[in-house]
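Here is an informal walk through one structure, from its inside outwards. Have the 3D view open while you read.

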Amino acid sequence: MHGFVATCAPITRGRSLIESSEWDSWRQCIITTIRSTAIREGDLVNWPVYVHPPDGAVLSQPLLMQFCHGAPGFVICLAEMPTSDLDDLLIGAGEAIWRAGPLTKGANLCHGTTGNGYAFLKLYQRTEDVRWLERARAFAMHAIGQMEAHARHHGHLRYSLWTGDLGVAIYLSDCIDAAGRFPTSDEFFCRIGPAAA
C-alpha cells in the first residue's frame, strides 16, 4: 500500500484523462508488475513488502497479510482494473485473506480485521459472488468483538480513522450496504467520464 500498488488505483480511475496509448502502457506495466511480484502457494496469493529491500531492511516471515502490506491492499487498490487480466490473482489473494482469518492486531483499517474485510467487499463488487459479502460480514462480526474487548480493557474506544473505531464503524456500514467504499482512497477520488462505467 505504501508503494507501487497504491499508485495503480488513481491511474486506473483516471484513465479517461490520459491518452489511450498512455493508459495501454500503464495497464501493461501494472499487469506485468503485479503478476511478476505475486507469491503463490497453491491457490493462495500474496505480495512481499519489497521487491528489492533497501539496505538494512528486515524482511518479515511469513509475509504480512494486512491492508498496508500484503494481499488486502492489493485487492483494494486493483479492484477497479477494467480488464480481467488480474482476476485470478485477486481471487487467490481473497482466499489467502480468508484462510489467514481475522487479524490479532485489532479491528482497525490499516493493519486490522476491517482493513482486510474491505478486500472481500471489493471482490463482491467485482465478481457479484455472494461468498465474498458473507466473508466480509463474518469479519465485521469478529471486528465488533475486537472493538468491544479493546474498550473493556482500556476503558474507552479508539477514535482515529485508520487505527481506531471510526474506521470500524464505516466498515460496518459498508457491510450493511454491501458497498466497498474504502475510506479516503475511494471517497477522495471523483468519477469522471468512461472510468465510472
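Let's start with what packs around helix α3. The buried residues of α3 are covered by a set of elements that includes α1, α2, β2, α4 and α5. Keep in mind that this is a predicted model.

How many of the residues of α3 are buried? Eight of the eight, so α3 is largely enclosed by the rest of the structure. If you want to click through them, they are Ala71, Pro72, Gly73, Phe74, Val75, Ile76, Cys77 and Leu78.

**The nonpolar core**

The largest nonpolar core has 41 residues, and the members that touch the most other members are Ile30, Ile34, Trp47, Leu78, Leu86 and Tyr171. Helices α1 (4–13), α2 (20–37), α3 (71–78), α4, α5 (113–127), α6 (130–154) and α7 (165–177) each put in at least two residues, and so does strand β2. The largest share of this core comes from α3, with six residues. As a general point, nonpolar side chains in soluble globular proteins tend to be buried together.

Ile30 is a good place to look around. Leaving out residues up to four places away in sequence, Ile30 touches Phe4, Cys8, Thr12, Trp23, Leu78, Met81 and Leu86.

**Helix α1**

Now over to α1, whose buried residues are Val5, Cys8, Ala9, Ile11, Thr12 and Arg13. The cover over them includes α2, α3 and α5. Ala9 sits in this helix and, at 6% relative accessibility, counts as buried. Ala9 and Met81 are 72 residues apart along the chain, yet their C-alpha atoms are separated by 8.3 Å.

**Cysteines and other buried residues**

How many disulfides does the model have? The count is zero. Cys8 is in no disulfide, and the nearest cysteine sulfur, that of Cys29, is 7.4 Å away. For Cys77, the closest cysteine sulfur is in Cys8, at 7.6 Å, and that is too far for a bond because a disulfide needs the two sulfur atoms within 2.5 Å.

Both of these cysteines are in the table, next to two other residues that count as buried.

| Residue | Relative accessible area |
|---|---|
| Cys8 | 1% |
| Ala9 | 6% |
| Cys77 | 8% |
| Arg135 | 12% |

Why does Arg135 count as buried? Its relative accessible area is 12%, and the cut-off for buried is under 20%, so Arg135 qualifies. This arginine lies in helix α6. Not counting residues up to four places away in sequence, Arg135 touches Glu95, Trp98 and Phe120.

**The second largest pocket**

Last stop: a pocket. The second largest pocket holds about 230 Å³ of space. The elements giving two or more residues to its lining are β1 (39–41), β2 (44–46) and α4 (87–100). Which residues lie nearest the centre of this pocket? Of the 11 that line it, those are Glu41, Leu44, Asn46, Leu63 and Met65. Sorted by class, the lining has eight nonpolar residues, one polar residue and two charged residues.

Two of the elements named here turn up in both places: β2 and α4 each supply at least two residues of the largest nonpolar core, and each gives two or more residues to the lining of the second largest pocket.

Conventions. Residues numbered from 1 in each chain as written. Predicted model: local features only at pLDDT ≥ 70, side-chain atom pairs only at ≥ 80, totals over all residues. Heavy atoms only, no water. 1 Å grid on protein atoms, 1.4 Å probe; cavity = no way out; pocket = protein on both sides within 12 Å on 5 of 7 lines; lining within 4 Å. Points joined across faces, edges and corners; volume = space filled by probe spheres on them. Helix = DSSP H or I, 4+ residues; strand = E, 2+ residues; numbered from the N terminus. Nonpolar A, V, L, I, M, F, W, Y, C, P; charged D, E, K, R; others polar. Buried < 20%, exposed > 50% of the residue type's maximum accessible area, 1.4 Å probe, protein only. Core = buried A, V, L, I, M, F, W, Y, C linked by side-chain atoms within 4.5 Å. Contact = heavy atoms within 4.5 Å.
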